[in-house]
Amino acid sequence: MSSEDDDPIIQEIDVYLAKSLADKLYLFQYPVRPAAMTYDVAHLSAKIKPKQQKVEVELAIDSMSPNYCRSKGEQIALNVDGTTTEESNTYSTKLMDKQTFSSIQATTNTSRYAAAVFRKGELHLTPLHGILQLRPSFSYLDKADSKHREREAANEGGDSSQDEAEEDVKQITVRFSRPESEQARQRRVQSYEFLQKKHAEEPWVHLHYYGLKDSRSEHERQYLFCQFTGMAENTELVKSPSEYLAMLMPPPVEEEFAKPVCPSNVLSMAQLRSLPLGDQVRTLMKNVKVMPFANLMGFLGHGTDSTAVLRCIQQVAMLVQGNWVIKSDVLYPKDSCSPHSGVPAEVLCRGRDYVMWKFTQERWVERKAVAAVVKLPPEDVKDFMEQMSVTRINRGWEFLLPHDGEFIKKHPDVAQRQHMLWMGIQAKLEKVFKLSKEDMMPKKQNPQPGSVVVSGEQLVTKARENVRENYSVLERELQQRHGAQSQDLGAVRVKQEPLSDGEEPMDTSSSAGHNNAAVNGLYSDDSSRDSVNGPCLPRTHATPTQELRDFVSSIFRKHFVLTLSELKRLFNLHLASLPPGHSLFSGISDRLLQETVLDSKCKQILVPFPPQSSAEADEQKVFALWEMGDSFDQHRQLLLEIFMKNYRVRRNLIQGKLTQEFGDNVTKTDLDRLLKECCVSYGGMWYLKGTVQS
């Protein structure tokens, strides 16, 4: 109470809210000038763009003022308009006698601002619709530059016009633009150039200036006062004590500041560190495309677990010459297309995978050779090459980064897993692009003197040899952990049987002198040859493990019919998904894999391939699930027996055989399910899966 007595109320003023000009009232803020240099508003002209709240005001300059430099005013007018006298001249008096001001918005939120008029003990407030700061416009300098360029062009044209002859008829090329996609249209609409064009298209609305003592100004000024001073019309200013207190002290609201929009090729490290580790790796790889592992760890900061980073990087990138390259399906997600040609993402991924695979085989790649294989538009092929290589004169395209042998030496298990993934991709590329074995072999290159060219295959072979050299130490540690059981198993030696006629080994090494017949680290005899799936590490036994049986059983329950080639591809992909040190990494031969298949209620189907078939030996070995334990076993077995006698059959023949054996109980749904499980259709005929030759 004492504080209130010290600060008594002297006067109470009624406050009124006037709304007549609420949507039309603007506040113009002019640059501050000295009192001796006031603005001359006698000849003011203005125009406005209402949607953009943009104003241009033209004010006269007092050329008779002692602060005015006449010589400079004449020089500026001469530079802008030249010596000609035209109606379109900016300065008709040959003197800079006016100045233009253009506006910018001082604030986007004007709800807190109002214009106040005090009259007869009453305060009348009118909300402001906009606050505009007026700044000098120097557009006349741009006009002077354009005039100068026009005069120079006219002079050059005049000098040569007398010697010009009639130009020859030239052939022109007409190009039709492709239909614009929805995504491209949205990007164009949001672009800065489009917004500037839309702003320029809005017409100017010219304004009329009325002086302070003009009758029209007097009339408009009356709208600044509230027309109805009764309490019913001013309910917005009548609040209860609690509402008034809430207006004086509103609850804290966390303001949201708009984050600056960065270009797509600019990455904020502060935002990057706030993401999960997997998203950080994905974002970095999508921006950089190719990166050594050491650089990636540097971006992620100190204290980041390298094992976790290795796990994440293998999900979004592939190893090429010891460096990591972003996967094609991550760079071109499903349902997207090429920004250059509109080619679907699936086709782009196949072409880019081929380019990546070529760089695993060779240091230099020729773009023409790549384009001849992938058959994509030149813009897309060039985009692939620029992402991971640089052009060299008379050499082709060289991989972007030097080979990182340190990473392969330090992480041989990751290198081996990536090698197996590339083997699966290579088999897929051979079928998609119909490439021969010669096409898939690396070409001999002539390196410059003093340079060493090492292919990815040779590097993986070297890493595999290093693993075998260190295996004795690992084996002793393993025996110490397992004790007596490991000693018993270590004494087992399994004799290797020779391959049957026509069985071809699967080469997993690029070196011709390296022997792939090493199973369990030994050879049974000189003539015994067998392919090894996975790393060539010694095994303590050659019997199928439970993990191998489970894999074979699950894969045949999913696919029902597989060729040996496809089975090995799926097995290598399965190995690549296993953690390092798994038991299946110890080398599984083709014979052991086939024996496991036959022991898993499967049977080899001797399909009579035609003599002119181009299928490889592994592609002609067909295995099928013979007993699954359901009601379709008999139907499936009858279908497989049909394909033991026929390379391809028609649907009506299969339906007739089933009806003859099982009667009318075989429905169309049953037949469709059976064909979907075991067969594929091509050219009106039905083939077992994996046997069709297009």
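Mentor: Before we start, a definition: two strands pair if DSSP finds at least two bridges between them. Keep in mind that this is a predicted model.

Trainee: In the hairpin of S21 and S22, which residue takes a positive phi?

Mentor: Strand S21 covers residues 679-682 and strand S22 covers residues 685-688, and 4 bridges join them in the antiparallel sense. Because at least two bridges are needed for a pair, these strands qualify with 4. The hairpin has 2 residues between the strands, and the residue there with a positive phi, near 65 degrees, is Gly683.

Trainee: Which residue in S22 stands opposite Ser681?

Mentor: Strands of a sheet pair through backbone hydrogen bonds, either parallel or antiparallel. S21 and S22 pair in the antiparallel sense. The residue of S22 opposite Ser681 is Trp686.

Trainee: How many helices and how many strands are there in the chain, and what share of its residues counts as buried?

Mentor: The chain holds 28 helices and 22 strands. To count as buried, a residue must have under 20% relative accessible area. Of the 694 residues, the share that meets this is 35%.

Trainee: What part of the accessible surface of the chain belongs to carbon and sulfur atoms?

Mentor: The accessible surface of the chain comes to about 44,200 Å². The part belonging to carbon and sulfur atoms is 52%.

Trainee: In the sheet with S13, S14 and S15, what is the order of the strands?

Mentor: The edge strands are S13 (364-365) and S14 (389-392), each of which pairs on one side only. S13 is joined by 2 bridges to S15 (residues 396-399), and the two run antiparallel. One of the bridge pairs is Val365 with Trp397 of S15. The open sheet therefore, with two bridges enough for a pair, reads in the order S13-S15-S14.

Trainee: Which helix packs on the sheet and touches S13, S14 and S15?

Mentor: The direction of this helix makes about 75 degrees with that of S15. The helix spans residues 345-361, and its name is H13.

Trainee: Why is one side of S10 and of S11 left without a neighbour in the sheet?

Mentor: The open sheet has the order S10-S12-S11, with antiparallel pairing. S11 (317-320) is joined to S12 (residues 323-326) by 4 bridges, and Met318 has Val325 of S12 as its bridge partner. S10 (290-291) and S11 stand at the edges, so one side of each lacks a neighbour because each has a single partner strand.

Trainee: At what angle does helix H17 run to S11?

Mentor: Helix H17 covers residues 412-433 and lies across S11 and S12. Its direction relative to S11 is about 100 degrees.

Trainee: Lys434 follows in the next loop; is Lys434 buried or exposed?

Mentor: Lys434 sits in the loop between H17 and helix H18 (437-440). Most residues other than glycine have a negative phi, and most peptide bonds are trans. Lys434 has a positive phi near 55 degrees. Its relative accessible area is 63%, and exposed means over 50%, so Lys434 is exposed.

Trainee: What phi does Lys289 have?

Mentor: Lys289 lies in the loop between helix H9 (277-288) and S10. Although Lys289 is not a glycine, its phi is positive, at about 75 degrees.

Trainee: How far apart in space are Phe556 and Ala624, C-alpha to C-alpha?

Mentor: Phe556 lies in helix H22 (residues 546-559) and counts as buried because its relative accessibility is 1%. Beyond four places in sequence, Phe556 touches residues including Leu562, Val597, Phe623 and Ala624. Phe556 and Ala624 are 68 residues apart in sequence, but their C-alpha distance in space is 7.3 Å.

Trainee: Is His635 buried or exposed?

Mentor: His635 is in helix H26 (residues 633-645). Leaving aside neighbours within four places in sequence, its contacts are Leu658, Phe662, Val666 and Leu674. With 15% relative accessibility, set against the cut-off of under 20%, His635 counts as buried.

Trainee: Which helix supplies at least two residues of the lining of the second largest pocket?

Mentor: The second largest pocket holds about 1,400 Å³ of space. It is lined by 27 residues, and those closest to its centre are Leu25, Tyr26, His208, Tyr209 and Tyr210. Strands S2 (26-29), S3 (40-49) and S9 (205-207) each supply at least two lining residues, and so does the helix at 215-221, H6.

Methods. Residues are numbered from 1 along each chain as its sequence is written. This is a predicted model: local features need pLDDT of at least 70, side-chain atom pairs count only at pLDDT 80 or more; totals for chains, interfaces and linings use all residues. Side-chain values use heavy atoms; hydrogens and water are left out. Contact means heavy atoms within 4.5 Å. Axes are lines fitted to C-alpha atoms, for helices over the stretch in contact, and angles run from 0 to 180 degrees between N-to-C directions. Buried means under 20% relative accessible area, exposed over 50%, partly exposed in between (1.4 Å probe, protein chains only). Accessible areas come from the Shrake-Rupley method with a 1.4 Å probe; for residues, only the protein chains shown count as cover. On a 1 Å grid over the protein atoms alone, a cavity is a set of points where a 1.4 Å probe fits but cannot get out, and a pocket is an open set with protein on both sides within 12 Å along at least five of seven lines; lining residues have an atom within 4 Å of a point. Grid points are joined across faces, edges and corners, and a volume is the space filled by probe spheres set on the points.
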